[in-house]
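Please open the model in a viewer and keep the sequence panel visible. The tour moves from the whole chain to single side chains.

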Amino acid sequence: MIDTRGYSCPTPVILVQKAVKNGAPAELEVLADAMVAVENITRYARSQGYRATVTPDGEDYRLTLKKG
């Protein structure tokens, strides 16, 4: 689980990039609190071969990134 809440872009994307580069897991869960972070993380994830699913989680967003 990567918690990007409270960070402004580009930090949320950088946190996800680090997780991907440190082993490219088949699935990642990410919490975000801003739609711009959701959009940027989704764009980055797709460029790395992940499918992104976004689910509202209270005032935040939960992203599920799956390889393939």
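Colour the chain by secondary structure: along the sequence the pattern reads β-α-β-α-β-β, that is, two helices and four strands. Helices (H or I, at least four residues) and strands (E, at least two) are DSSP runs, numbered from the N terminus. The model is predicted: local features need pLDDT of at least 70 and side-chain atom pairs count only at pLDDT 80 or more, while totals for chains, interfaces and linings use all residues. Residues are numbered from 1 along each chain as its sequence is written, and side-chain values use heavy atoms, with hydrogens and water left out.

**Whole chain**

Show the C-alpha atoms alone. They fill a box of roughly 30 × 20 × 20 Å, taken along the principal axes. The radius of gyration (taken over C-alpha atoms) is 11 Å, close to the 11 Å that the globule rule gives for 68 residues, so the protein is as compact as a globular protein of that length. That rule is 2.2 Å times the number of residues to the power 0.38.

Next, colour by accessibility. Buried means under 20% relative accessible area, exposed over 50%, and partly exposed in between (1.4 Å probe, protein chains only). Of the 68 residues, 31% are buried. Contact means heavy atoms within 4.5 Å. Among contacts between residues at least 6 apart in sequence, 61% join residues at least 24 apart.

**Helix α1**

Select residues 11–21, which form α1. Which residues of α1 are buried? They are Pro-12, Val-13, Val-16 and Val-20. These four lie on the same side of α1, because they cover an arc of only 95 degrees around the axis. The arc is that of the directions from the helix axis to the C-beta atoms. An α-helix has 3.6 residues a turn, so residues three or four places apart point the same way.

Keep those side chains on display and add their surroundings. The buried residues of α1 pack against β1 (2–3), β2 (27–32), α2 (35–47), β3 (50–57) and β4 (60–67). After α1 comes Gly-23, with a positive phi near 140 degrees.

**The sheet and helix α2**

Now select the four strands. They form an open sheet in the order β1-β2-β4-β3, with mixed pairing. Its edge strands are β1 and β3, each of which pairs on one side only. Two strands count as paired if DSSP finds at least two bridges between them.

Look at β2 and β4 first. They run antiparallel and are joined by six bridges. Pick Glu-27 and find Lys-66 in β4 standing opposite. Add α2 to the view: α2 packs on the sheet, touching β2, β3 and β4, and its direction makes about 0 degrees with that of β4. Axes here are lines fitted to C-alpha atoms, for helices over the stretch in contact, and angles run from 0 to 180 degrees between N-to-C directions.

Then turn to β3 and β4. These strands are also antiparallel, with eight bridges between them. Select Thr-53 to find its bridge partner in β4, Thr-64.

**The hairpin**

Follow the chain from β3 to β4, where the hairpin has two residues between the strands. Gly-58 sits in this loop and takes a positive phi near 65 degrees. Is Gly-58 buried or exposed? Gly-58 is exposed, with a relative accessible area of 74%. For a sense of scale, draw a line from its C-alpha atom to that of Thr-11: the two are 47 residues apart along the chain and separated by 22 Å.

**Salt bridges**

Last, show the charged side chains. A salt bridge is a side-chain nitrogen of Lys or Arg within 4 Å of a carboxyl oxygen of Asp or Glu, and by this rule there are three.

- Asp-57 and Arg-62: the closest N and O atoms are 2.9 Å apart. Asp-57 is partly exposed at 31%, and Arg-62 is partly exposed at 29%.
- Arg-5 and Asp-3: the N to O distance is 2.7 Å. Arg-5 is partly exposed at 36%, and Asp-3 is partly exposed, with 36%.
- Arg-5 and Asp-60: the closest N and O atoms are 3.2 Å apart. This pair links distant parts of the chain, with Arg-5 in the loop between β1 and α1 and Asp-60 in strand β4, 55 residues apart. Asp-60 is buried, at 18%.

Select Asp-3, Arg-5 and Asp-60 together to end the tour: they are linked in a network of salt bridges.
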